[in-house]
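Dear colleague,

I am handing over the structure we spoke about, and I would be glad if you could keep it open while reading the notes that follow it.

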Amino acid sequence: MTEKALRLGTRRSKLAMAQSGQVADAVSQVTGRPVELVEITTYGDVSREHLAQIGGTGVFVAALREALLRGEVDFAVHSLKDLPTAQHEGLVVAAIPEREDPRDVVVARDARKLTDLPRGARIGTGAPRRMAQLNAYARTHGMEIETVPIRGNVDTRIGYVRSGELDAVVLAAAGLNRVGRIDEVTDFLSVDTVLPAPGQGALAIECAADNADLIAALAELDDPFTRAAVTAERSLLAALEAGCSAPVGALADLLADGQIVKEMRLRGVVGTTDGSTLVQLSTTGPVPETHEAAMALGRELATEMLAQGAAGLMGERAH
């Protein structure tokens with residue numbers, strides 16, 4: 001008799017299905033059990049409002065979590081950057097697999113790079129974080145651009161460029177990789193130009209806190225370096241009291257000396273969406289060995305950023 005299939009809760013978007021399918025294969029390998037995808041529609045998928053207006057954080061997550069708590073699915077896969085920073089009672093992030101490319105990318109007309117865009121170029125993005133940094137970059141490099149708020153899936157966003165409505169759109173490299181469209185990228189943005197969203201490129205595999213067997217099996221997919229990095233980034237976000245629609249960028253990366261990883265560097269940025277004011281700082285410390293140490297790294301940097309005036313740049317603070 002074959003073991004009962006594990007049920008994986010996923011959003012219905014092409015991207016969510018692609019990343020959930022990859023996780024399903026990996027879980028099937030470590031557990032020896034078949035995994036079936038259970039498609040769940042979330043509020044963020046059906047609402048036509050801009051993410052910043054519907055509260056950003058959690059709009060793609062709540063329905064998946066409800067299905068988990070009701071026992072309709074055994075585990076769920078989230079894009080980590082969509083997860084609220086507060087721990088959910090009754091649920092546990094059992095695994096954070098190795099992260100994909102965290103960078104943002106440009107898909108532009110005529111295969112242009114960011115620096116080649118015409119004067120007054122219209123660049124689409126749904127993220128205040130990207131707007132703030134793109135506008136700041138344009139200001140310091142004598143470029144004239146207009147950032148245009150958009151939302152929708154990858155097809156919709158790239159469609160604005162193909163139709164000539166926009167000159168370029170900015171997307172996450174990881175998402176394009178997962179749906180097999182990375183070859184449409186015309187420019188990879190250096191993290192020195194645009195810091196990604198906290199947790200960008202990483203996935204979170206969540207299940208019920210009382211399912212010890214499944215937690216143990218899923219833990220085999222966990223990447224400790226990715227977990228430490230995204231924990232520090234999300235700790236910074238939480239300490240700045242910002243939801244995922246706030247203009248905060250953060251990236252923790254490992255600094256190696258040859259083959260030996262020595263330290264972790266955490267960079268953070270917060271700014272006004274017009275790019276006129278940015279607070280951008282970084283800190284470097286030993287690679288965090290514990291969850292607490294990773295949290296502390298994020299809190300320390302947030303404290304320094306707040307001391308430099310970050311709070312006043314957040315717009316509406318998340319309550």
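Please bear in mind throughout that this is a predicted model. I begin with a pair of helices: α8, which covers residues 224-239, packs against α9, which covers residues 291-307, at an angle of about 40 degrees and with the two axes 7 Å apart. Because of that angle, α8 counts as oblique to α9, and the crossing of the two helices is right-handed. On the side of α8 the contact is made by Ala228, Thr231, Ala232, Ser235, Leu236 and Ala239, while α9 contributes a list of residues that includes His291, Met295, Gly298, Arg299, Leu301 and Met305. Taken by character, the residues of this contact between α8 and α9 divide into 11 nonpolar, 4 polar and 1 charged.

Helix α9 also leads to a sheet, since α9 lies across β12 and β13 and runs at about 40 degrees to β12. The sheet in question is open and is formed by 3 strands in the order β11-β12-β13, with antiparallel pairing. Its edge strands are β11 (248-257) and β13 (278-286), each of which pairs on one side only, and neighbouring strands are turned against each other by 20 degrees on average, direction ignored. Strand β12, residues 260-271, is joined to β13 by 9 bridges, the two running antiparallel, and Glu263 is found opposite Pro286 of β13.

A further open sheet has 5 strands in the order β2-β1-β3-β10-β4, and here the pairing is mixed. The strands at its edges are β2 (35-39) and β4 (91-95), each pairing on one side only, and the twist from one strand to the next averages 35 degrees. Within this sheet, β1 (residues 6-10) and β3 (residues 75-79) pair in the parallel sense over 2 bridges, with Leu8 standing opposite Phe75 in β3. Helix α3, residues 62-69, packs on the sheet and touches β1, β3, β4 and β10 (203-208), its direction making about 165 degrees with that of β3.

Lastly, a word on confidence: the mean pLDDT of the chain is 88, and 89% of its residues reach 70 or more. Over residues 48-56, however, pLDDT stays under 50, and for this stretch the model has 20 contacts beyond four places in sequence. Where pLDDT is low, the predicted coordinates should not be read in detail.

With best wishes

Technical notes. Residues are numbered from 1 along each chain as its sequence is written. This is a predicted model: local features need pLDDT of at least 70, side-chain atom pairs count only at pLDDT 80 or more; totals for chains, interfaces and linings use all residues. Side-chain values use heavy atoms; hydrogens and water are left out. Axes are lines fitted to C-alpha atoms, for helices over the stretch in contact, and angles run from 0 to 180 degrees between N-to-C directions. Helices (H or I, at least four residues) and strands (E, at least two) are DSSP runs, numbered from the N terminus. Angles under 35 degrees count as roughly parallel, over 145 as roughly antiparallel, 65 to 115 as roughly perpendicular and the rest as oblique. A crossing is left-handed if the near helix is turned anticlockwise from the far one by less than a right angle, and right-handed if clockwise. Contact means heavy atoms within 4.5 Å. Ala, Val, Leu, Ile, Met, Phe, Trp, Tyr, Cys and Pro count as nonpolar, Asp, Glu, Lys and Arg as charged, and the others, Gly among them, as polar. Two strands pair if DSSP finds at least two bridges between them. pLDDT is the predictor's confidence in each residue, from 0 to 100.
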